[in-house]
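Please open the structure in a viewer and keep the sequence panel visible beside it. The tour below proceeds by selections, with a short account of what is found at each stop.

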Amino acid sequence: MALEIPEQLLARDTTPRCPHFGDCGGCAMQDVPYEAQVRAKAETVSRMLGRDVEITPSPDPYGYRHRMDYVVAFGKLGLRMRGRGDQVVDLHECHLVRPRVSALLPMVHAWLDEFGIRGFNLVTKRGDLRYITFRHAFSSDQLMAILVTASRDTAVEPLAQRLADHVDSVVWSVQPRVGDDSHGDVQRIRGHATLEQRIGRSTFEISPDCFFQNNLLLVDELYAAAAGHIRGRTLDLFCGTGTIGIHAAERAQHVTGVDVSEANIELARRNAERNRAGNVEFVTDKVNHFLAFYDGPVPDTVVLDPPRSGLAPKLIRKLNRLAAPRIVYVSCNPNTFALDIDALERYELRELRGFDMFPQTPHVELVSLLTRD
Ligand SMILES: C[S@@+](CC[C@H](N)C(=O)[O-])C[C@H]1O[C@@H](n2cnc3c(N)ncnc32)[C@H](O)[C@@H]1O
């Protein structure tokens, strides 16, 4: 769920940059000046949490997204229509990605027509090409295009060949399940299998299916804030590709990162090795299952960075029993964050900062420190 920003906080008096604004579900606030967006988010989160929260703006409110999943359906290529999950807005430009990616959209439209590649029908759940996803590492300017088809029968080769002249790698991936998911089984990779992104003093690899924070312009500051709260023996729960733990490796005594995704953990191990973080280890597991069998010492710090749904009640009970003196909670959902910190017994919210990782949208990221009495 997005942040519910009261409409009266949003002065809608700026001309949107994008001609698709209004129809496209990708951006909801391009008509609000950027400083006013950040102010409105800060005010909404402050009211919600009953304390003043400062929000660090994105260095640029456009062109910040590392990953974008463009839907291919009903003869269109674009994003879902605002408020309509079953309709797609045909996009010929997009300002949330870098110009290099946006410039590819008209070309891809033309190639889809030329090769007669059919899109996926979001209503009947049948068809060929479901998504074209772009992942862009800004520091290396490496760009990956991922073609996600519903079956192995789709002839994506001509499209892959055309794309290969414009990007650093083209991945073909199959996702046959009915559910709406752009992560599939990788069939073929041309070019680099991973992209390289520098964050702070470390370099991270990004694979077709791994999790990676989307705003690459602000991620350094986000991780520096989270890592700054880490002390001693640390459990980095929901660790993704190990980015927070690796950032904190120098200040932590030891870090154990846990994530359910094998793809994330494989990269996390590689990332630790290439950044010479020798005191960091990673485990593939569900956090709840991992804690149920955890018999190590009580960690000095627990880092939590769950998906939007926040922490399950069972997990909160386990965290209460574990009773670590510090919790660093990184959240992309202030609604679940507010409920979760209330349920964490004997913890006090010591520090809280917001980061506008998602300009033009009603989302915000929080980094907090909770300590136990
Ligand atoms: C918001 S991401 C955070 C990743 C990482 N901290 C970062 O900044 O890149 C949430 C992560 O939780 C993982 N995840 C989701 N449910 C999980 C579960 N039940 N147990 C372990 N990991 C889970 C996902 O694979 C994803 O990598």
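In sorting residues by character, Ala, Val, Leu, Ile, Met, Phe, Trp, Tyr, Cys and Pro count as nonpolar, Asp, Glu, Lys and Arg as charged, and the others, Gly among them, as polar. Please bear in mind throughout that this is a predicted model.

**First stop: the ligand and its shell**

Select the ligand and display the residues around it. By the sorting above, the shell divides into 9 nonpolar, 4 polar and 4 charged residues. Which residues come nearest to the ligand? Of the 17 residues around the ligand, the nearest are Tyr223, Asp259, Asn264, Val287 and Asp305.

Now turn to the individual polar contacts. Select Val287 and show its backbone: a polar backbone atom of this residue is 2.9 Å from a nitrogen atom of the ligand. Next select Phe238, where a backbone N or O atom lies 3.2 Å from a nitrogen atom of the ligand. Then display the side chain of Thr243; an N or O atom in that side chain is 3.3 Å from an oxygen atom of the ligand. How much of the ligand does the protein bury? Taken alone, the ligand exposes 600 Å², and the protein buries 84% of that.

Before leaving the ligand, select Asn264 again, which belongs to helix H7 (residues 262–274). Asn264 counts as buried, because its relative accessibility is 5% and the limit for buried is under 20%. Add Val364 to the selection: the C-alpha atoms of Asn264 and Val364 are separated by 23 Å, and the two residues are 100 residues apart along the chain.

**Second stop: aromatic pairs**

A pair of aromatic rings is described by the distance of the centres and the angle of the planes. In this model the count comes to 4 aromatic pairs; two of these are visited here.

Select Tyr70 and Phe134 together. Their ring centres are 6.2 Å apart and their planes stand at 65 degrees, so the pair is edge-to-face; the cut-off for that label is over 60 degrees. Colour the strands to see where the two rings come from. Tyr70 lies in strand E2 (residues 67–73) and Phe134 in strand E7 (residues 129–137), so the pair ties together parts that are 64 residues apart in sequence. Are these residues buried or exposed? Tyr70 is buried, at a relative accessible area of 0%, and Phe134 is buried as well, at 2%.

Proceed to Phe290 and Tyr294. Here the ring centres are 5.7 Å apart and the planes are at 40 degrees, so the pair is tilted. Phe290 counts as buried at 12% relative accessibility, whereas Tyr294 is partly exposed at 24%.

**Third stop: charges over rings**

Select Phe21 and Arg82. Arg82 lies over the face of Phe21, at 5.3 Å from the ring centre. A second arrangement of this kind is found by selecting Phe358 and Arg308: Arg308 lies over the face of the ring, at 5.7 Å from its centre.

**Fourth stop: two loops**

Select Asp141, in the loop between E7 and strand E8 (142–149). What is notable about the phi angle of Asp141? Phi is near 55 degrees, a positive value in a residue other than glycine. Asp141 is partly exposed, with a relative accessible area of 39%.

Then select Arg346, in the loop between helix H10 (334–343) and strand E18 (347–355). Arg346 also has a positive phi, of about 65 degrees, although it is not a glycine. At 49% relative accessibility, Arg346 counts as partly exposed.

**Final stop: distances along the chain and in space**

Select Ala227 in helix H5 (residues 219–228), a residue that counts as buried at 5% relative accessibility. Ala227 and Ala252 are 25 residues apart in sequence and 9.0 Å apart in space, C-alpha to C-alpha.

Continue with Thr301 in strand E16 (residues 301–304), which counts as buried at 0% relative accessibility. From Thr301 to Tyr223 the separation is 78 residues in sequence and 15 Å in space, C-alpha to C-alpha.

Finish with Arg321 in helix H9 (residues 313–322), which counts as exposed at 65% relative accessibility. The C-alpha atoms of Arg321 and Lys41 are separated by 34 Å, and these residues are 280 residues apart along the chain.

Definitions and conventions:
Residues numbered from 1 in each chain as written. Predicted model: local features only at pLDDT ≥ 70, side-chain atom pairs only at ≥ 80, totals over all residues. Heavy atoms only, no water. Near = heavy atom within 4 Å. Polar contact = N/O pair within 3.5 Å; in protein donor to acceptor, adjacent residues only side chain to side chain. Areas by Shrake-Rupley, 256 points an atom, 1.4 Å probe, with all protein chains shown as cover. Phe/Tyr/Trp six-rings, centres within 6.5 Å; stacked < 30°, edge-to-face > 60°. Helix = DSSP H or I, 4+ residues; strand = E, 2+ residues; numbered from the N terminus. Buried < 20%, exposed > 50% of the residue type's maximum accessible area, 1.4 Å probe, protein only. Lys NZ or Arg CZ within 6 Å of the ring centre and 35° of its normal.
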